[in-house]
Structures are given as C-alpha cells and as structure tokens.
Amino acid sequence: MYDIGIIGGGTAGLTAAIYGQRAGKRTLVIEGGAFGGQITTSPKVENYPGIASVSGSEFSMNLLDQAMKLGTEPVRERVTGILEEDGIKIIVTTEREYPCKSIILATGVTHRHLGVPGEERLTGAGVSYCATCDGMFFRGKEVAVVGGGSTALQDAEFLSEYCSKVYLIHRRESFRGEERIVEGLKKKENVTFILDSVVKEICGEIQVEGLELQNLKTGEKKKLPVSGVFVAVGQIPKNDPFENVVKLDADGFILASEDCMTSGAGIFAAGDCRTKEVRQLTTAAADGAVAALAACKYLAE
C-alpha cells in the first residue's frame, strides 16, 4: 500500500515524490517512458532559478536521484487506468496493480509535431517546441515560428526581442490567435508573415539550416534559410485513461484548481497535464510541491 501514487516521472511528478517522501509518506512514481519528461531533450536549461546552466538530461537525472535517495520507488510501466475499491485507489498498469491512498496525475503533454522530414532528427539542434525555453540561444539569428494560434503569436512576439528576423508561418490566410498580438506583430520590422504555406522539410545536416516551404494556393515551393524553427501547432495531453475518473476540459486537460485538486477525491493533478496558463519547468516543479502537500493534507484528514 502506497500513501501517494504518482503517475508521470517528469519534473512535476519527481518534485511531488521528493515532497511526499520528505513528509514521511511512502511514494511511488510510475513512468511509461523515460524518466525526466520532455526537458530531457533540451541541450541547455538556463531559465531555472538558482541554476545558471544545465542540460535537460542532467537536470532530470538529478531530480530522479534525489527522489530515489529519499526512498521513492520508481516503476517503468504504462498506466492503463485507475480503479477504486473500498476507498482505496488502484493504479492499473500493463503489468500489475498498485493500491494507493492518494494519487497525483503528472502525465505531462506531448507537443504536436509537424511530421516532416528532418524534424525528429534535428530536435534539440535548432528544432524547438518552447520559445521561452530556447529562444535566448538564437539571439541575433533568423528563426521561424510555425503555427497560427495564440501560442505561435506569443512565441513570435517573444523571439522578435532577441532575433534579427522572425518568420511566422501559417497554413491559412488569417490567424486564430488574438488579433491584438497580430496587429502588434505587423508593426515590427523584423517580423514577416508567410501565410497559406506549410513546412515540407526541415533542412540541415547536424543543425537546422533552413526550411522548405510550399504555398498551398499556388503550389510554389521555396527555401527559407533560418537557424531555428519553433513549432507551435498545439499540445496533446495524455489523459485519456483518466477521463472517467476526473473531469477534463474540451481539449483533454485535467480540470484542476491552483491547489491542484481535481474533481476526484484524493486525486490531484500537477504540471502541464492540468488546466493552466503557464507551462514551464518552474511551474511544473511548483505544481509538484503543491500537489504533494495537498495529498499529505488529504491523508491527514
């Protein structure tokens, strides 16, 4: 029997494990993939308070090591659902079942990819899914942002302060994001819109050197030399196994308040998988701490 069962071994989940163990609770972390989450692919992390620079993989492994030294039990299995029997919550995986008194969902999200040649190979070498995480590495360089929603617009706005040129590429002739940001971007001399166009290939041998674009109306193809490309075409939460346990919003994110409580008693949500405005490494860690303390309070009551 575990006091706290944590589903997801990224920054939020591992931080929750650290706080749970320090509170004297028997804590389990179940991760279906690699421990550490998406940040493990970042070559440098330079926006985490107190750490000037660290690789994403080192940051993640330090978290896992800290949690394990405190007594957290890590398990690498895929979770398929949650059951409840006589007030006890049971985490069901492809291998076995784990009874828990409380649960923290920290499943994270996956960034929607373009699915074009060169994208996977050059991820971390010029292909990024987080402008605020990696934008500073492209100071003074020409970059592209792909997407038409508010996130893409905000990314272009952020990058325009550091990059010599920002190309905003969207498959339609108008943006879905906030008109206020669109109007602001139009006034920036270093921002250029490329509309009705899609990326067909991300080019480069060991790092991004350019994009191959195609205009959807004319069929014309052209090369666009850039040093980086920021993909902002949406995020996909991984909460399907829990849709009958906690309430999700229309996009599949777990409905949870700032105290990380969900609609399910004794079930909490931390990190990118929950409804929130800001999804950053710092907010994931903060959620993990808040969720663990909330779980401890639940157990005490």
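In this predicted model, helix 4 passes helix 5 in a left-handed crossing. The axes of helix 4 (residues 150–159) and helix 5 (residues 179–186) approach within 10 Å, at an angle of roughly 35°. On the helix 4 side, the contact is formed by L153, Q154, A156 and E157, and these residues meet I181, V182 and L185 of helix 5. Sorted by class, this contact comprises five nonpolar residues, one polar residue and one charged residue.

A second helix pair, helix 1 with helix 6, crosses in the right-handed sense. Here the axes come within 7 Å, with a crossing angle of roughly 40°. Helix 1 brings T11, A12, T15, A16, Y19 and G20 to the contact, while helix 6 supplies L281, A284, A285, G288, A289, A292 and L293. Nine nonpolar and four polar residues take part, and no charged ones.

Helix 6 itself deserves a closer look. This helix has 20 residues, and the distance from its first C-alpha to its last is 29 Å, close to the 28 Å expected at 1.5 Å a residue. Its buried residues are L281, A284, A285, D287, G288, A289, A291, A292, A294, A295 and C296. Those buried residues pack against helix 1 (11–22) and helix 2 (56–69), and also against strand 1 (2–7), strand 6 (97–105) and strand 17.

Helix 2, one of these packing partners, also holds N62. With a relative accessibility of 44%, N62 counts as partly exposed. In sequence, N62 lies 26 residues from G36, and the two C-alpha atoms are 9.4 Å apart in space.

The loop that joins strand 17 (267–269) to helix 6 (281–300) contains T275. A polar atom of the T275 side chain lies 3.4 Å from the backbone nitrogen of A256. Leaving aside residues up to four places away in sequence, T275 touches D249, F253, I254, L255 and A256, so A256 appears both as a contact of T275 and as its polar partner, the pair of atoms falling within the 3.5 Å limit for a polar contact.

A side chain also reaches a backbone nitrogen at D196, which sits in the loop between strand 11 (191–194) and strand 12 (197–203). The side chain of D196 comes to 3.2 Å from the backbone nitrogen of E173. D196 has a relative accessible area of 15% and is therefore buried. Apart from residues up to four places away in sequence, D196 touches H170, R171, R172 and E173, along with Q214, N215, L216 and K217.

Finally, the backbone angles of two residues are worth a note. Most residues other than glycine have a negative phi. D86 is not a glycine, yet its phi is positive, at about 55°. The residue is placed in the loop between strand 4 (79–85) and strand 5 (88–93). C260 likewise has a positive phi, of about 70°, although it is not a glycine. C260 lies in the loop between strand 16 (235–237) and strand 17. Are these two residues buried or exposed? D86 counts as exposed because its relative accessibility is 83%, whereas C260, at 0%, counts as buried.

Technical notes: Residues numbered from 1 in each chain as written. Predicted model: local features only at pLDDT ≥ 70, side-chain atom pairs only at ≥ 80, totals over all residues. Heavy atoms only, no water. Helix = DSSP H or I, 4+ residues; strand = E, 2+ residues; numbered from the N terminus. Polar contact = N/O pair within 3.5 Å; in protein donor to acceptor, adjacent residues only side chain to side chain. Contact = heavy atoms within 4.5 Å. Expected span 1.5 Å × (residues − 1). Buried < 20%, exposed > 50% of the residue type's maximum accessible area, 1.4 Å probe, protein only. Axes fitted to C-alpha atoms, helices over the stretch in contact; angles between N-to-C directions. Left-handed = near helix turned anticlockwise from the far one by under 90°. Nonpolar A, V, L, I, M, F, W, Y, C, P; charged D, E, K, R; others polar.
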